[in-house]
Amino acid sequence: MDEMELNETEMNRTTFIFIQEGTGGTFVKDESGNYTLTITGVVPYTIYFSDRPERVGGFAPMDKFLDGFCFGAIDPPNAAVMLREGENESDVVVAELTSPQFDETNSTLTYTAKVLDDYTFNSDWSHIISKADDAIPEAFGNVSIVIDDCPDSFVGCDKSWDEGCGRIKTGCCWHTWDFTCEACHNDEYYVNKCIEKVTIQPCSRNH
């Protein structure tokens, strides 16, 4: 399928890091080889802040963050699960996170976690993930989860109601006003990009 690449503006967009915290938790391995990551005593909001040179930060209610962020199976976010096992022991587990569930009544947050050996963060957090090792503790104490930025996505283009003509790769940006990851440009931008893909019959954006 024909795809257009990210433009320079999107490549240089503001990137964010997201942090969630709790007082304890567990990693439970399932039959597929993945883990159920459970965080207990979880703080009911997600902290967000931007990389330099921007200075943007704030708090997103946990339920709104989980609904608005992209935890899909196709391109799930990387996360550094920073945890403390004892008085003087700490560890970092790097994983892809999907299927979040937040129980506000019991202050519990769960994810399906796929532990990674090979990973790349959009942001420069090498000083954190360099502490990662192969040991996966079954239970741990205080924990912070550092989640990578919104993943890239695609916008489809149509020649007509029943005929597609490819798609455009686009960056997704974190919107602080409604706590969502959405395509970085407006509809008019994508309509024009779709038109560029076809010279005989213009495309329209596929909603």
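1. **The main core.** In this predicted model, the largest nonpolar core has 32 residues, and the members touching the most others are Leu 37, Ile 145, Ile 147 and Trp 174. A nonpolar core here is a set of buried Ala, Val, Leu, Ile, Met, Phe, Trp, Tyr and Cys residues joined through side-chain atoms within 4.5 Å. Buried stands for under 20% relative accessible area, exposed for over 50%, and partly exposed for anything in between (1.4 Å probe, protein chains only). Two or more core residues come from each of strand 2 (16-22), strand 4 (35-40), helix 2 (62-68), strand 7 (78-84), strand 8 (90-103), strand 9 (108-115), strand 11 (143-147) and strand 14 (172-175). Helices (H or I, at least four residues) and strands (E, at least two) are DSSP runs, numbered from the N terminus. As background, nonpolar side chains in soluble globular proteins tend to be buried together.

2. **Ile 147 and a second core.** If you would like one residue to click on, try Ile 147, whose contacts (heavy atoms within 4.5 Å) include Phe 16, Phe 18, Phe 65, Phe 69, Phe 71, Leu 97 and Tyr 111. Polar residues also appear among the contacts of Ile 147, including Gln 20 and Asn 78. There is also a separate core of seven residues, with Ile 17, Ile 19, Ala 80 and Val 92 among them.

3. **Thr 46, a buried polar residue.** Thr 46 sits in strand 5 (residues 45-50), and its relative accessible area of 0% makes it buried. Its side chain makes a polar contact of 3.1 Å with the side chain of Gln 20. A polar contact is a pair of N or O atoms within 3.5 Å; within protein, one must be able to donate a hydrogen and the other to accept it, and residues adjacent in sequence count only if both atoms are side-chain atoms. Leaving aside residues up to four places away in sequence, Thr 46 touches Phe 18, Ile 19, Gln 20, Gly 58, Phe 59, Ala 60, Met 62 and Phe 65.

4. **Disulfide Cys 150 to Cys 181.** The structure has three disulfides, each being a pair of cysteine sulfur atoms within 2.5 Å. One of them joins Cys 150 to Cys 181, with an S to S distance of 2.0 Å. Cys 150 is in the loop between strand 11 and strand 12 (153-160), while Cys 181 is in strand 15 (residues 180-183), and the two are 31 residues apart. The S-S torsion is about -75°, so this disulfide is left-handed. Cys 150 is buried at 1% relative accessibility, and Cys 181 is buried at 9%.

5. **Disulfide Cys 157 to Cys 194.** Here too the S to S distance is 2.0 Å. The bond runs from Cys 157 in strand 12 to Cys 194 in helix 4 (residues 187-197), linking parts of the chain 37 residues apart. With -75° about the S-S bond, the link is left-handed, and both cysteines are buried.

6. **Disulfide Cys 173 to Cys 184.** The sulfurs of Cys 173 and Cys 184 are 2.0 Å apart, and 100° about the S-S bond makes this link right-handed. Cys 173 is in strand 14 and Cys 184 in the loop between strand 15 and helix 4, so the bond ties together parts that are 11 residues apart in sequence. Cys 173 is buried at 16% relative accessibility, whereas Cys 184 is partly exposed at 24%.

7. **Cysteines without a partner.** Why is Cys 70 not bonded to Cys 181? The sulfur of Cys 70 is 4.4 Å from that of Cys 181, its closest cysteine sulfur, and this is too far for a bond. Cys 70 is partly exposed, with a relative accessible area of 24%. Cys 172 is likewise in no disulfide; its nearest cysteine sulfur, in Cys 70, is 5.4 Å away. At 5% relative accessibility, Cys 172 is buried.

8. **The chain as a whole, and confidence.** The chain has four helices and 16 strands, and 41% of its 207 residues are buried. Mean pLDDT (the predictor's confidence in each residue, from 0 to 100) is 80, and 75% of residues reach 70 or more. Please go gently with residues 199-203, where pLDDT stays under 50. Where pLDDT is low, the predicted coordinates should not be read in detail.

9. **Reading notes.** Residues are numbered from 1 along each chain as its sequence is written, and side-chain values use heavy atoms, with hydrogens and water left out. As this is a predicted model, local features need pLDDT of at least 70 and side-chain atom pairs count only at pLDDT 80 or more, while totals for chains, interfaces and linings use all residues.
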